Amino acid sequence: MEEFELNLPTFVTSLLSLLLLWCITRRILVKPAGGGLKKLVRPPSPSKLPIIGNLHQVGSLPHRNLHSLAKKHGPLMLLHFGSVPVLIVSSADSAREIMKTHDLIFANRPAFKAFEKLIYGCTDVVTAPYGEYWRQIKSILVLQLLSNKRVQSLRSIREEETALFVNKIRESSGEVVNLSAIFAEFTNDGIGRSAFGRRFSDSENGKKFLRLMMDMMELFGYINIGDFIPWLSWIGRVNGFDKRLDTTATEIDQVFESTIQECLQAQKDQNNGENIMDILLQIYHPNPNTTADADASIDRDTLKSLILDLFIGGTDTISTTLEWVMTELLRHPTIMEKLQGEVREIIKQEEEEITDDDLEKMHYLKAVVKEALRVHPPLPLLVPRVASKDVQIKGFDISAGTVVMINAWAIGRDPVSWDDPEKFMPERFLNSSIDFRGLDFELIPFGAGRRGCPGITFAVVAIELVLANLMHKFDWKLADGVQGKDLDMNESPGLTAHRALPLLAVASHTK
Ligand code: HEM
């Protein structure tokens, strides 16, 4: 009988090969309930490169590049950013599947390093993992800070800031004004006053905070290779990304600490009008005589991260919307005239204040804002979600851990949902019930479902009020004789899609 000899290298090699084969087949084959092996059906994918996957196809304006890819591969497309599977959703139908039918499975957010470092370990509403903690802080945000009652109570701040902003334009009547810069200052000061009771542009600390916010938004927009290819995360240490994260996080915290101390002092001196920081300090420190330090650090971090959400959510998005609304109106003078006609018909006197009740009567104004949000959603890819378990979407198998990006920019231009989608035509909304509150998936600039934006009312009232004032009090034309058709329409890279070039226009006072 031939003796069986154990050849160790051959045995180890065979064992490893079998193990590898098992891992590979396990990835692509699963056992269905009835037994047997079933091949997983993945959404179509463009071809990818080793290691980086499809990262090279994303470019600096991902919503545009992904839209072009989706035209070839379909409204559900599977890409790979390094080793991470990323599902790109580009139709209303597929978005409904993600944010309504399977909303719970897609209620999580991916944990990117920039979020973790800059937002106190993802302790805020935007980036917190789905679960009990997120539910608690979202309800604080929704019920205490962004409720209709609160939005109403912040009305005087909104109106005062709008009046200041109108004055600033009036003073530069006949001269070129940089509307992009004015909109950014307006939203920062509005949120600054609502959050801390003071205008940011007035103090050194405030100016520093604004600079840090800009750094933060830039860092959020940066693709950190380590988030997608973990074994390359050392690159962040070499290229300075990690250092920038650390420095920005430390500086933001210093500004927060001194602002909290100022607010506590102002509370003691009773010389502060109620603002969001005060409300948060009351929630976490019911006894006004105890200092915030006495409490657990999570409370203090949560407080800071909730304030950060107001800035992340409520400044860039609102100013970007205003920038694009005015861009479209300057490109379409007939639409601007029609809108001015509506506003001036409702508010007859030049010095009359525009109230929230007046806004309710301005149907064309609402249609103009909707149309601008359709073609220029400020967050064109919304905020990414992640699948918490395996699920089937429209017959395709999606694995747990897949990141999901919903291309609201592409959905707003989908000819399946919209006639003449490239045309700026507010009239399409006049006899339509389509709204942006998360029920109509062809128009989702604010997302939808559990993780949908809680700041819609806050944002929309601010945008409508500014726009109504701009239309009521001024006539507008583009600066330097630029014709509407020649206006640069490029977007800048980053999380929010601003105009690449500032919007320059000339206002003249209405007679
Ligand atoms: C034009 C203005 C705004 C736009 C276009 C916008 C858009 C969005 C989008 C697309 C999301 C993600 C939704 C999803 O995943 O389904 C979101 C989430 C969020 N927004 Fe807004 N937003 C705006 C204004 C605001 C304002 C004013 C605030 C607060 C003051 C705010 C606070 C938030 C928060 C906290 C979340 C996270 C919700 C969660 O993950 O549970 N947003 N927003």
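Ala, Val, Leu, Ile, Met, Phe, Trp, Tyr, Cys and Pro count as nonpolar, Asp, Glu, Lys and Arg as charged, and the others, Gly among them, as polar. The exercises below use a predicted model.

**Exercise 1. The shell around the ligand**

Find how many residues surround the ligand, and state how the residues of the shell divide into nonpolar, polar and charged.

Solution.
- Step 1. The ligand is surrounded by 27 residues. The closest are Gly313, Gly314, Gly447, Cys453 and Gly455.
- Step 2. Sorted by type, the shell holds 17 nonpolar, seven polar and three charged residues.
- Step 3. Next, look for the helices that take part. At least two shell residues come from each of α5 (132-145), α14 (297-314), α15 (316-331) and α20 (456-473).
- Step 4. Among the contributors, α14 gives the most, with four residues.

**Exercise 2. Cys453**

Decide whether Cys453 is buried or exposed, and list its contacts beyond its neighbours within four places in sequence.

Solution.
- Step 1. Locate the residue: Cys453 sits in the loop between α19 (408-411) and α20.
- Step 2. Count its surroundings: there are 24 C-beta neighbours inside 10 Å. A residue is buried if 20 or more other C-beta atoms lie within 10 Å of its own, so Cys453 counts as buried.
- Step 3. With neighbours within four places in sequence set aside, Cys453 is in contact with Phe446 and Gly447.
- Step 4. Compare with the record: the unreviewed UniProt entry lists Cys453 under "binding site". In the model, Cys453 is among the residues closest to the ligand.

**Exercise 3. A sheet of four strands**

Work out the order of the strands in the open sheet of four strands, and say which strands stand at the edges.

Solution.
- Step 1. Begin with β3 (residues 76-81) and β4 (residues 84-89), which run antiparallel and are joined by six bridges. Within this pair, Leu78 is opposite Leu87.
- Step 2. Look at the connection: β3 and β4 form a hairpin with two residues between them. Gly82, in the turn, has a positive phi of about 60°.
- Step 3. Go on to the next pair. β4 and β9 (residues 403-406) run parallel and are joined by four bridges. Here Val86 faces Val403, and Leu87 faces Val404.
- Step 4. The order of the open sheet is β3-β4-β9-β6, and the pairing is mixed. Because β3 and β6 (385-386) stand at the edges with a single partner strand each, one side of each is left without a neighbour in the sheet.

**Exercise 4. Leu79**

Decide whether Leu79 is buried or exposed, and find which residues Leu79 touches, not counting those up to four places away in sequence.

Solution.
- Step 1. Leu79 belongs to strand β3.
- Step 2. Leu79 has 23 C-beta neighbours inside 10 Å and therefore counts as buried.
- Step 3. Beyond four places in sequence, Leu79 touches Ser45, Pro46, Gly53, Asn54, Val86 and Ile88.
- Step 4. A distance adds to this picture: the C-alpha atoms of Leu79 and Pro44 are 8.6 Å apart, although 35 residues separate the two along the chain.

**Exercise 5. A sheet of three strands**

Describe the open sheet formed by three strands, and find which helix lies across β5 and β11.

Solution.
- Step 1. The strands are ordered β5-β11-β10, with antiparallel pairing.
- Step 2. At the edges are β5 (176-178) and β10 (474-478), each pairing on one side only. From one strand to the next, the twist averages 45°.
- Step 3. Three bridges join β5 to β11 (residues 504-509). In this pairing Val176 is opposite Val506.
- Step 4. The helix is α8 (residues 179-196), which lies across β5 and β11 and runs at about 45° to β5.

**Exercise 6. Positive phi outside glycine**

Find the phi of Cys122 and of Lys394, and decide whether each residue is buried, exposed or partly exposed.

Solution.
- Step 1. Recall the usual case: most residues other than glycine have a negative phi.
- Step 2. Cys122, in the loop between α4 (113-118) and α5, has a positive phi near 55°. Having 19 C-beta neighbours inside 10 Å, Cys122 counts as partly exposed.
- Step 3. Lys394, in the loop between β7 (391-393) and β8 (396-398), has a positive phi near 50°. Having 14 C-beta neighbours inside 10 Å, Lys394 also counts as partly exposed.

Conventions
Residues numbered from 1 in each chain as written. Predicted model: local features only at pLDDT ≥ 70, side-chain atom pairs only at ≥ 80, totals over all residues. Near = placed C-beta within 6 Å. UniProt positions renumbered as here; feature names shortened; annotations may be inferred. Buried ≥ 20, exposed ≤ 12 C-beta atoms within 10 Å, placed from the backbone. Contact = placed C-beta atoms within 7 Å. Pairing = 2+ DSSP bridges. Axes fitted to C-alpha atoms, helices over the stretch in contact; angles between N-to-C directions.
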